[in-house]
Amino acid sequence: MNRKKKAKEPLPTEAELKSIRSLKREIDELRIHLASIKNGGGRAYFASDRYKSLLCERIDTLRSIYERLLLAVERIEDSRLRRVVMMRYVYGWSWQKIAFQIDASSESTPRLLLKRALDAVCCPARDNKKL
């Protein structure tokens, strides 16, 4: 049988993971903006069908990026590492809050766990910038 192998999704970069929360906010803002647009009348302003279509395309593009990044995080096998990535990049928690949540004795523990997750699983071409 000639089965086509599914192309692997590219691994996210650290910068992409850091953008997860911003992507979610942008999607929500664009949805609100799109909902406020009406074809004349009322307090909403007029926008062409072409502009509305562009907004919909942009929302779809951002959603696919957002979902790809979340799926990459979900593929992290180690539960503790996955939780640290989610808490830091998706929820935006402080190191102190993450340390408390994972029962770590100091803030350095989740930092090291995040570094391990990025080095081993998510971001092979990661830059050495401070987290």
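In this predicted model, a good place to begin is the stretch of residues 126–131, where pLDDT stays under 50, although the model still has 16 contacts for these residues beyond four places in sequence. Across the chain, pLDDT averages 83, and 77% of the residues score at least 70. Among the elements of the chain, helix 5, which covers residues 95–101, has the highest mean pLDDT, at 95, whereas helix 6, which covers residues 108–122, has the lowest, at 85.

With that in mind, we can turn to the overall arrangement. The secondary structure of the chain comes to six helices and zero strands, so that the order of elements, read from the N terminus on, is α-α-α-α-α-α. Of the 131 residues in the chain, 30% count as buried, and the chain exposes about 9,300 Å², of which carbon and sulfur atoms supply 51%. When the contacts with a separation of 6 or more are considered, 55% of them are accounted for by residues that stand 24 or more positions apart.

Helix 3 is a useful element to follow next. This helix runs over residues 49–74 and has 26 residues, reaching 37 Å from its first C-alpha to its last, which is close to the 38 Å expected at 1.5 Å a residue. Its buried residues are Lys52, Leu55, Ile59, Leu62, Tyr66, Arg68, Leu69, Ala72 and Val73, and these buried residues pack against helix 1 (14–18), helix 2 and helix 4 (79–90).

Two residues from that list deserve a closer look. Arg68 of helix 3 counts as buried because its relative accessible area of 16% is under the 20% cut-off, and the side chain of Arg68 is joined to the side chain of Glu16 by a polar contact of 2.8 Å. Tyr66, which also lies in helix 3, is buried for the same reason, because its relative accessible area is 16% and the limit is 20%. Between Tyr66 and Glu16 there are 9.2 Å from C-alpha to C-alpha, while in sequence they are 50 residues apart. Not counting residues up to four places away in sequence, Tyr66 touches Ile20, Leu23, Lys24 and Ile27.

One of these partners, Ile20, is found in helix 2, which covers residues 20–36. Ile20 is classed as buried because its relative accessible area is 0%, which is under 20%. Leaving aside its neighbours within four places in sequence, Ile20 is in contact with Tyr66, Leu69, Leu70, Val73, Tyr89 and Val90. For Ile20 and Leu70, which are 50 residues apart along the chain, the C-alpha atoms are separated by 8.1 Å.

Ile20 also leads us to the nonpolar core. The largest nonpolar core has 30 residues, and those with the most contacts inside it are Ile20, Val85 and Leu114. Helix 2, helix 3, helix 4, helix 5 and helix 6 each supply at least two residues of this core, and helix 4 gives the most to it, with seven residues. Looking back over the path we have taken, Ile20 is thus a residue of helix 2 that is in contact with Tyr66, a buried residue of helix 3, and that ranks among the residues with the most contacts inside the largest nonpolar core.

Note on methods
Residues numbered from 1 in each chain as written. Predicted model: local features only at pLDDT ≥ 70, side-chain atom pairs only at ≥ 80, totals over all residues. Heavy atoms only, no water. pLDDT = per-residue confidence, 0-100. Helix = DSSP H or I, 4+ residues; strand = E, 2+ residues; numbered from the N terminus. Contact = heavy atoms within 4.5 Å. Buried < 20%, exposed > 50% of the residue type's maximum accessible area, 1.4 Å probe, protein only. Polar contact = N/O pair within 3.5 Å; in protein donor to acceptor, adjacent residues only side chain to side chain. Expected span 1.5 Å × (residues − 1). Core = buried A, V, L, I, M, F, W, Y, C linked by side-chain atoms within 4.5 Å. Areas by Shrake-Rupley, 256 points an atom, 1.4 Å probe, with all protein chains shown as cover.
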